[in-house]
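Let's take a friendly walk through this structure together, with the ligand as our guide. Please have a look at the sequence and the model before reading on.

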Amino acid sequence: MFAQKNNLFVIIPATLLCLALFFCCKKQKIEDQNEYSQSLKIVVGVSMPSTIMQRWQKDGASIKSQLETSGYAVDLQYAGENDVSLQINQIKTMISDKVNVLVITAIDGNSLTDVLKEAKNNNIPVIAYDRLIMSTDALSYYATFDNNKIGQLHGQFIADKLGLEVLKGPFYLEAITGPSNDNNTKFLFGGALSVLQPYIDRGTLVVNSKQLTISDCGIDKWLTGTARARMERLIQNNNYRPGGSKLDAVLCSNDTLALGAIEALKAAGWSPSSGFPVITGQDCDRETIRNLIEGYQGMSVFKDTRMLAAKTARMVDALIKGVTPEINDTITFYNGVSVVPAYLCEPLLITAENYREILIGSNYYKESDF
Ligand code: BGC
């Protein structure tokens with residue numbers, strides 16, 4: 001009995017020691033395995049322009065999760081608040097870290113020529129995400145939305161709301177658009193003007209400020225505060241107030257600009273009950289949906305970031321596997337060096353009438369988000 005007890009004193013600690021050693025080794029083995037598979041992983045460097053804009057937060061999250069689902073590791077970096085030199089440095093670091101593919105939304109489409117030369121020298125293919133990158137031969141593909149169509153949706157919405165086809169007017173319009181160093185601006189603004197210019201030529205639509213070029217109407221970095229300041233100047237110079245000069249529409253090329261215009265118009269006394277000017281936008285930012293519901297903004301455009309991310313993830317996959325991804329444009333996007341093959345996703349017009357069906361119906365938002 002005593003001998004049996006004595007044996008137990010030896011057996012139990014020995015068993016515990018063995019178990020401890022077993023689990024310890026197993027843990028080490030799992031860690032080694034993870035490190036090993038991690039070291040085999042293909043890494044995609046994703047460079048996004050800004051943390052302050054909802055659009056890029058959603059895009060960053062979508063592209064990261066879709067690439068990870070496809071088995072890739074993702075190095076996702078945001079360049080602060082649209083900081084061009086930070087973006088260049090982040091891309092440089094990704095190149096020296098030897099990422100396998102780069103996906104980039106440029107802050108300034110003209111500023112990446114040198115850093116992309118380095119990417120090319122290191123055989124790292126580059127995909128331009130949403131914004132075309134200019135003056136480089138390092139681009140493999142471009143994934144975006146049809147920005148010309150978005151501009152046309154803006155112009156057509158204003159034309160329909162004001163009845164430009166049937167009424168003589170005159171109606172009064174001002175415009176706020178993106179910066180000239182974002183290649184999308186010329187498609188957005190050009191698309192809108194392709195619809196509105198005939199009415200301007202006919203005198204049905206009047207632009208009191210006479211400002212209708214990108215250099216007059218473009219807002220650096222698409223900032224809400226700068227758009228608000230432009231709208232305030234327009235209000236002051238032209239006395240756009242209820243009871244003052246008429247203002248029927250403000251063509252805004254996206255939601256951050258629309259937000260600035262709305263803030264300035266509200267402060268000048270405009271309200272939906274006194275006939276708020278027709279305001280356009282794009283991106284369907286959360287705050288914009290509230291403005292649609294409350295009657296401050298007439299429309300926005302839904303660019304489903306999940307769809308753009310999926311198309312981009314497929315381009316990454318194709319580059320890794322050496323096959324050709326689906327593209328639907330091989331002629332439009334000349335970046336000053338070559339024509340970049342592109343995939344253009346379809347944008348959708350959103351108003352207070354259909355946002356529920358499209359945005360909540362597709363699980364992009366929940367009702368409680370607004
Ligand atoms: C994008 C828009 C976005 C804007 C500001 C443009 O290049 O196409 O969707 O609103 O940048 O971030």
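A polar contact here means a pair of N or O atoms within 3.5 Å. Keep in mind, too, that this is a predicted model.

With that cut-off in hand, begin at Asn184: an N or O atom in its side chain is 3.0 Å from an oxygen atom of the ligand. Arg55 also brings a polar side-chain atom to an oxygen atom of the ligand, at 2.8 Å. For Asp283, the corresponding distance from a polar side-chain atom to a ligand oxygen atom is 2.4 Å. On its own the ligand has 310 Å² of accessible area, and the protein covers 100% of it.

Now step back to the full shell. Along with Arg55, Asn184 and Asp283, the residues surrounding the ligand include Met53, Trp56, Asp130, Arg131, Asp182 and Trp222, as well as Asn254, Gln282 and Lys303. Sorted by class, six of the shell residues are charged, three are polar and three are nonpolar.

Where does the ligand lie with respect to the domains? Domain 1 (43-146 + 304-369) and domain 2 (147-302) both contribute residues to the shell, so the ligand lies between them.

Finally, turn to the space itself. The structure holds two cavities of 30 Å³ or more, and the ligand sits in the largest cavity. That cavity has a volume of about 140 Å³ and a lining of 14 residues. Nearest its centre are Trp56, Arg131, Trp222, Asn254 and Asp283.

Notes:
Residues numbered from 1 in each chain as written. Predicted model: local features only at pLDDT ≥ 70, side-chain atom pairs only at ≥ 80, totals over all residues. Heavy atoms only, no water. Near = heavy atom within 4 Å. Polar contact = N/O pair within 3.5 Å; in protein donor to acceptor, adjacent residues only side chain to side chain. Areas by Shrake-Rupley, 256 points an atom, 1.4 Å probe, with all protein chains shown as cover. 1 Å grid on protein atoms, 1.4 Å probe; cavity = no way out; pocket = protein on both sides within 12 Å on 5 of 7 lines; lining within 4 Å. Sits in = over half its atoms within 2 Å of the grid points. Nonpolar A, V, L, I, M, F, W, Y, C, P; charged D, E, K, R; others polar. Domains from an automatic or database assignment. Points joined across faces, edges and corners; volume = space filled by probe spheres on them.
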